[in-house]
Number of protein chains: 2
Amino acid sequence: MTDEPVRKDSEIRRLSSSMGCGLKDDKASLASSQIAPFSHQPHRPPSTPASKEVWKKGGRMFSILLAVHLALLACTLVSSGAFEKIAVHDYDVFFLLTVMMLIVIAWIIFYLASTSRCPDAIPCRDSHAGPIWLRGGLILFAIFSLVMDVFKIGYYSSFYSCLSAIKIIYPIVQAIFVVVQTYFLWISAKDCVHVHLNVTRCGLMLTLTTNLAVWMSAVTDESVHKAHSKFRKNVTEELFRWLLKVGMRSSSAEECNCNSQICQIFNNGYFWLYPFNIEYSLFASAMVYVMWKNVGRFIDHHSHHIHRLKFRLFQRTFFVGIVLGLIILVSGLGVLVLYEVQINSSTESSKKSQALSMYYIFNIVCLGLMSLVCIGGSVIYRFDKRDMDRHKNPTRTLDVALLMGSALGQYAISYYSIVAIVASTPRDAVSALNLTYALLMIAQHTFQNIFIIEGLHRQPPKEDHRCDSHQKDLYGLTFANINAVSLRVPDSGSTLASTTASGAEGIHTSDFIRSLTAPKMNWRRKFLREISMFLLLSNIILWIMPAFGARPQFDNDTELNFYGDSMWPAIVDICLPFGIFYRMHAVASLLEVYIMS
Amino acid sequence: MTDEPVRKDSEIRRLSSSMGCGLKDDKASLASSQIAPFSHQPHRPPSTPASKEVWKKGGRMFSILLAVHLALLACTLVSSGAFEKIAVHDYDVFFLLTVMMLIVIAWIIFYLASTSRCPDAIPCRDSHAGPIWLRGGLILFAIFSLVMDVFKIGYYSSFYSCLSAIKIIYPIVQAIFVVVQTYFLWISAKDCVHVHLNVTRCGLMLTLTTNLAVWMSAVTDESVHKAHSKFRKNVTEELFRWLLKVGMRSSSAEECNCNSQICQIFNNGYFWLYPFNIEYSLFASAMVYVMWKNVGRFIDHHSHHIHRLKFRLFQRTFFVGIVLGLIILVSGLGVLVLYEVQINSSTESSKKSQALSMYYIFNIVCLGLMSLVCIGGSVIYRFDKRDMDRHKNPTRTLDVALLMGSALGQYAISYYSIVAIVASTPRDAVSALNLTYALLMIAQHTFQNIFIIEGLHRQPPKEDHRCDSHQKDLYGLTFANINAVSLRVPDSGSTLASTTASGAEGIHTSDFIRSLTAPKMNWRRKFLREISMFLLLSNIILWIMPAFGARPQFDNDTELNFYGDSMWPAIVDICLPFGIFYRMHAVASLLEVYIMS
């Protein structure tokens, strides 16, 4: 009954689009539509309009294969380039990345041109994709990335004559890439493209792979830099030798030194800005992935209520969460500065262990509080009568997968830590603190994931729905007789016709029930908002600390002695980037939970 | 119209099951069903009966978290135990695995008891899950695993007095575990459980994790063994020292030597049988995962035609595929034996490079043939008029994911090889062969994946359907007027009512069309069968070679010199197990493609 208009709509849309642009793809789909009626078309859910494609999975498979091969090639080069002994150099990596970025830039221009020329290219948009705070974050990180590129260009141009040209070309191309891609994602993040399906998929996968390759390269570069400045013997020299590695041309090493002050500022500056560039790549990857999932998708407008939720920060909160979060944030910054100064300046082991103790105690307090708050939040959700939101939503599915997946990084570090501490013999106070820290890290990640995932799967608050409650009750079910409710099983789509007759009374009843439960709801929701705001700010400080250089994993010798100089750095360098990404991703998700509750 | 009986059926089923067993879970679901009618239930596809659960994802999340934590703990211990320098010993790992296996055994007994007592526990079964060849393979590997356990028990009991008891207990418990789990999977692989949902999910995830942990332990054990026998200096002694590592109690080392002949046989025997145990764990993991996906699932009987496809090997083939495959298989076995003998006996580099050349040439021929055949198969699919099968099928989704995922292992090795060969300076014939081998490896995996995935997504042949063509044409579409076909768009579920009126004529027409295309179909299908049989046999030999000890990656020095002694073994030891698993999984999938085409 209610399905009819949508289907008609989609047929018209399809016909018009097959007359429009995207010639090649549409010819194939036309050919297939001639074959299709011979064959069986069993069980397409009647409410979603059919995709033009014969076999969506097949179309996706090719783009995935392309991405896999490119990603592996990049991974091989980047990981080989990280080792001094291996005859793969950073300019090999830069060359590959530059070529990839240039191709992506070309594709983005082609995409923007082809979709703007053709009005039917984007028949619908996914309102969940690319929310404003994600795009806002992307622009913020993009600006810092541009500054980083300027610093890099400045640094390398200080001794232009000794370097291969690619070292200067790379940051220039990267700057263009960042600008073009940010513009592209700002205007196209919500698109559900319906022309040039396969080309678009491959282009998006190429973009995704390029971002991941840039991320890998940045993470490796940063880890190598950290390793060199940690295990330092003549730090500057060694670092410098590494930076120039085989980038030298023919001139002598003397005139290629970074001795001028401006050069030093550029050098330090761009390493401090790396974390932003790293987050930029990851944010862009996530948005591009959602776009890829949305290629060829028809959004079912029934299941797709567009929530106009506003970010009203200072209207509905008690400030407790924000104040507590800000206290943690500021004290965390203080701890970080103190820690960095003490660890880097002193060589005494007593000072070092003092700094470590301070760091661990702060983290234990912070993680403990966060765990408790997350448990509290999950308990509140137990009593929350809001419905679970089961609609298809690629953005949320990705969010959940990324939260669960990136937590693995921190889990792995913590488990290796725990095993090392438990099996090592000298058990002092720092070890005890380290053990508590590792255990709490695991607990906090687990509880926070549960809290966020529950929050993301709730329907937005009901008061925002009331305006369209009449329309929605036609899809859902409302009963005039409350006593009948307990006897009905929830699966009753077929009884729709009979119940809509008593629709008018039904709506009044459900409104009445809602108004009964409203005051309690508000109490709970305020608590949830406090909790998510507190968690958000705490996650920011827990992102800042490792992202800007705190590495207790290396400053504390227990694990290093237990696993050896090659295994422990490998574990930390591979897993920590995921742990850092987890924090930033949790911030984005918590913002969504805050707005939804 | 046709949906009605199913829905009624499921309502009855749900009511009866909520009166039956699984008290705790059902109470929760009853409570939720009382709440549910108040809330919106937008857009559940009307043909699938609703699940009892409020939020399936939430139920799954907890079991995933359990699995993740256990898997990480096991991974930490296993990887630490592999290094001699790290103070984690193999008996720590054995202890953890033994405890896990005992819990799993207890849970399986509980599961079998609770589901057999309660007739409503399994209202439906997934006919795609646990096909007979997978279960057959499982039993085959289980038998070899049991033999391996016997060998292990025999070996360790030769010097019982010097070992910690866990080294003997472990194979005993493992044997019991294999027997219990094989029985469990044989009878329960298809179950869609509907009682104790959360307990069942956690139990299955525990089983899955245990299998993966056993797999990790076996793979590590085998790699260490291979590494010790490759880089040998006084092989037997060192190996022996490693095997006993810290398993010694107090007695002197002399009486703990494995000097008797029977002990040596046991020792060699169990290392030769490891590949079967490894495959057993992976097969069991895959089946348990599908069971986990099926917990709480209601199978929609419309979309779920149970194909009674028979494995008629010698009826519909030209034998070309089998003969060619057998030639490859037998000559591959010959090459493997020659290679192993030459590499292990001689220390001359010329003999070594001769053996390597032989190995590479055989593989290049084999991979080249396979790639060509896969391309041919994919071209045939282009002209195949059979419909794509889009039904939900967790088994197939898992198959595809595993094929794509495990191919990454071989891809990574090949990419690292290629980079090393291209960047290394001395380019001789062996390097050229190695490069060709690596490139063909990538190509063959890619083409084979495309071929298998296309094959798995085809509807089974139409002649098997003819018996129920009447019923199916009611869901699909048949047109009396062929000229009308080219004008219709495929999306026309809404026109069902109008077309079924002309059903009788339609069926005759479609039969007529089918009979026109039938001879061509048969030709193509015979080719596809030849192709899949050839690929199947080739994959078996490509499984046997690395599984039973051929490691050209280490016998050839290029990569080892390029990446160093720690990085290259790490890459190969982590990636090769996935590559080996890929081959065995491809065999299982190709068997399915063979039967379906």
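**Note on the predicted model: cysteines, core and chain A**

1. C374(B) has a relative accessibility of 0% and therefore counts as buried, where buried means under 20% relative accessible area, exposed over 50% and partly exposed in between (1.4 Å probe, protein chains only). This is a predicted model, in which local features need pLDDT of at least 70 and side-chain atom pairs count only at pLDDT 80 or more, while totals for chains, interfaces and linings use all residues. Residues are numbered from 1 along each chain as its sequence is written, chains are lettered from A in the order in which they are written, and side-chain values use heavy atoms, without hydrogens and water.

2. Over all chains, the structure holds zero disulfides, a disulfide being a pair of cysteine sulfur atoms within 2.5 Å. For C374(B), the nearest cysteine sulfur belongs to C366(B) and is 11 Å away. C575(B) is buried as well, at 14% relative accessibility; its sulfur lies 9.0 Å from that of C75(A), the closest cysteine sulfur, which is too far for a bond.

3. The largest nonpolar core contains 311 residues, and F451(A) and F451(B) have the most contacts inside it. Such a core is a set of buried Ala, Val, Leu, Ile, Met, Phe, Trp, Tyr and Cys residues joined through side-chain atoms within 4.5 Å. Beyond its neighbours within four places in sequence, F451(B) is in contact (heavy atoms within 4.5 Å) with residues including C374(B), Y381(B), L528(B) and V593(B).

4. Of the 597 residues in chain A, 60% are buried. Among contacts in chain A with a separation of 6 or more, 88% join residues 24 or more positions apart.
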